[in-house]
Amino acid sequence: MMASAFFSVCDVRELREGVDDDSAMLPGKWTEWIEIIKPEITKAEEENGWTKKRENWYTNLKKLKELIESEGENGIYELRLKKGEETKKGKAKCVVYIGSSCAEDGVYTRLSQYVTNGSHKVQFIQKALSAGATIEARAYFYDDCIRAREREDEILAKLDYLWNIRKNLTPRKQEAFATALYGITPEVYQPEKSRRHSK
């Protein structure tokens, strides 16, 4: 009984996909959203630096570097899925993950790992790309590494991100995500086996 009460009292965070990017829960000067991984590209995009990493996986490290590297290494970042246009049936964009990076493993380095091989979120990213979604990222930089990690914890205490495990006290209901990004099935958001072993 006590355990049930603990979960019901503590797990009261809002779902990140239901919160606007400029919400008071996410204060500060974030970078603009940029596309970092795409399932397909045009000829113009290929000529502008987009390259193929694997089947249905195209990236542009130059664009990522231009936006982020000059800002420093300490910071937090978010990943977002985008597919098509927003409709009455659901959103065309859905923020799914937040992380922090410092020092040698800084924000640019960390995001370039996602771009290159998916890192510890490769299964999530691959499923999203297979469904036709583009992966976007944005970042917020801090002078102090400790502050960046504290900020990530503060946000996770308020918001529940689908691809994050830390601070998630109860399983997310997959049905909620079918309409969060119209046209992508719930399994794209939350591969059950991978989610249990991810950050």
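These legends go with a few close-up views of the protein above, which is a predicted model.

**View 1. The whole protein, before we zoom in.**
Start with the parts list: 8 helices and 8 strands. The protein runs to 199 residues, and 47% of them count as buried. Look at who touches whom along the chain: of the contacts with a separation of 6 or more, 73% are between residues 24 or more positions apart. On the outside, about 10400 Å² is exposed, and carbon and sulfur atoms supply 51% of that area.

**View 2. The disulfide between cysteine 102 and cysteine 145.**
How many disulfides does the structure hold? Just 1. Its partners are cysteine 102 and cysteine 145, whose sulfur atoms sit 2.3 Å apart. The link between cysteine 102 and cysteine 145 is right-handed, with 100° about the S-S bond. It ties together distant parts of the chain, since the two cysteines are 43 residues apart. Cysteine 102 lies in the loop between β6 (93-101) and α4 (107-117), while cysteine 145 belongs to helix α6 (residues 145-158).

**View 3. Three cysteines and their cover.**
Is cysteine 102 buried or exposed? Its relative accessible area is 5%, so cysteine 102 is buried. Its partner, cysteine 145, has 21% relative accessibility and therefore counts as partly exposed; the cut-off for buried is under 20%. Cysteine 94 has a relative accessibility of 1%, so this residue counts as buried.

**View 4. The largest nonpolar core.**
Here you're looking at a set of 28 residues. Which of them touch the most other members? That would be Ile36, Leu111 and Trp163. Several elements chip in two or more residues to this core: the helices α3 (61-68), α4 and α5 (122-130), plus the strands β2 (34-38), β5 (75-82), β6 and β7 (134-141). The biggest giver is α4, with 5 residues.

**View 5. Leucine 111 and its contacts.**
Now zoom in on leucine 111, one of the residues that touch the most other members of the largest core. Which residues does leucine 111 contact once you leave aside its neighbours within four places in sequence? They are Leu64, Ile68, Tyr77, Leu79 and Ala137.

**View 6. A second core.**
What else is there besides the largest core? Leaving leucine 111 and its contacts, you come to a second, separate core of 15 residues. Among its members are Ile98, Tyr140, Leu156 and Leu159.

Conventions. Residues numbered from 1 in each chain as written. Predicted model: local features only at pLDDT ≥ 70, side-chain atom pairs only at ≥ 80, totals over all residues. Heavy atoms only, no water. Disulfide = S-S within 2.5 Å. Helix = DSSP H or I, 4+ residues; strand = E, 2+ residues; numbered from the N terminus. Buried < 20%, exposed > 50% of the residue type's maximum accessible area, 1.4 Å probe, protein only. Contact = heavy atoms within 4.5 Å. Areas by Shrake-Rupley, 256 points an atom, 1.4 Å probe, with all protein chains shown as cover. Core = buried A, V, L, I, M, F, W, Y, C linked by side-chain atoms within 4.5 Å.
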